[in-house]
Amino acid sequence: MRGYDLIIFDKRLSEHIKGVSLSSFIPESPKFERKLPTSHPLRNGIPMPLKNNMGRYTERKITLKITVEASNSQQFHLKRDALYKLFVQEDPYYVIYTWQPLKRWLVTCDDVFSVFQENGRTWQEVEISLTAIQGVAESVYNSQASFNLIDNKFHFGMNIGMVDNPSYSFVDKKSFEVYNLGDITLSPVDHNYQVEMYIEGKDVSILNATTGESVTLLGQQSKKNQLTLLMPYIINGSKVINTRGRFPTLKPGKNKFRISGATSSSIKFITHFYYK
């Protein structure tokens, strides 16, 4: 199909290997793994899921169909080797398919696949199974990019109509709203979600009133120091500061934040968004 291709290592598949093209890109439906508490309501002896379940999206398969075309048998075998070299990597990598160019998938290719020449012919359709290890697609750009459609950083199907010109930087605001434009809850531990802060005050509390989660920065903080949220930790330079609680997650949609105990504050949310 015209314009239908796979971007891998920042380059189209058809440019990596001439005569090789993407025929289809089919992700499985997302799979949510629920965490059931030990004390849980039963219905006919079966545990019933609760709302706001603290589970996670698990890995899922993406099936690719790749067409290999060559001018002779020797060239076909060279292209086969090039496909193996391209897709089978020791570390996870991102792929994008060009009909949704602003979303990417973090994948591995651990399932065996074969590129075989049938009856001497010099073309073949090959099926490759990738594992999307995050279980969801990730926005190519983060919250510091433009949300104007004309700039082509976010687009339809990415919930940008939820709010006009969302802001992710707040200076001396006691309360503010942070929008998660994705489909799933953002966690600093599981996702590409960071926060940079300059805070003045003692025992400063940051509350997400939408989720009820909060973190308190224990002791005196100086606005001269940049504090960075890095996974579950808040760091001043290379030192982990003392906190009570964990930095709040972001539910899909509007999240209402409140800061208390600060005489001065500057906070910036730097996050990608995730889509089912």
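**Contacts, cores and strand pairing in the predicted chain**

Of the contacts in the chain with a separation of 6 or more, 70% come from residues 24 or more positions apart, a contact being a pair with heavy atoms within 4.5 Å. The structure is a predicted model, in which local features need pLDDT of at least 70 and side-chain atom pairs count only at pLDDT 80 or more, while totals for chains, interfaces and linings use all residues. Residues are numbered from 1 along each chain as its sequence is written, and side-chain values use heavy atoms, with hydrogens and water left out.

The chain holds 2 helices and 22 strands; these are DSSP runs numbered from the N terminus, with helices being H or I of at least four residues and strands E of at least two. The C-alpha trace spans about 75 × 55 × 35 Å along its principal axes. Among the 276 residues, 41% are buried, that is, under 20% relative accessible area with a 1.4 Å probe and protein chains only. The accessible surface is about 15,400 Å², and carbon and sulfur atoms hold 48% of this area, as computed by the Shrake-Rupley method with a 1.4 Å probe.

Turning to the interior, the largest nonpolar core has 39 residues, of which Met 197, Ile 234, Phe 247 and Phe 269 touch the most other members. Such a core is a set of buried Ala, Val, Leu, Ile, Met, Phe, Trp, Tyr and Cys residues joined through side-chain atoms within 4.5 Å. Elements giving two or more residues to this core include β14 (175-180), β16 (213-221) and β21 (253-271), but β15 gives the most, with 6 residues. A second, separate core of 30 residues includes Leu 6, Leu 13, Val 126 and Ala 132. Back in the largest core, Phe 269 has partners beyond four places in sequence that include Tyr 168, Phe 176, Val 195 and Phe 247.

Val 195 also leads into the strand pairing, as its bridge partner in β17 is Leu 229. Strands β15 and β17 run antiparallel and are joined by 3 bridges; pairing requires at least two bridges found by DSSP. On to β18 (residues 233-236), which is antiparallel to β17 and joined to it by 4 bridges, with Ile 235 as the partner of Thr 228. These two strands, β17 and β18, form a hairpin with 2 residues between them, and Met 231 in the turn has a positive phi of about 60°.

Elsewhere, Thr 58 sits in strand β7 (residues 56-58). This residue, Thr 58, counts as buried because its relative accessibility is 9%. Beyond its neighbours within four places in sequence, Thr 58 is in contact with Lys 31, Glu 33 and Gly 135.

Terms used
Buried < 20%, exposed > 50% of the residue type's maximum accessible area, 1.4 Å probe, protein only.
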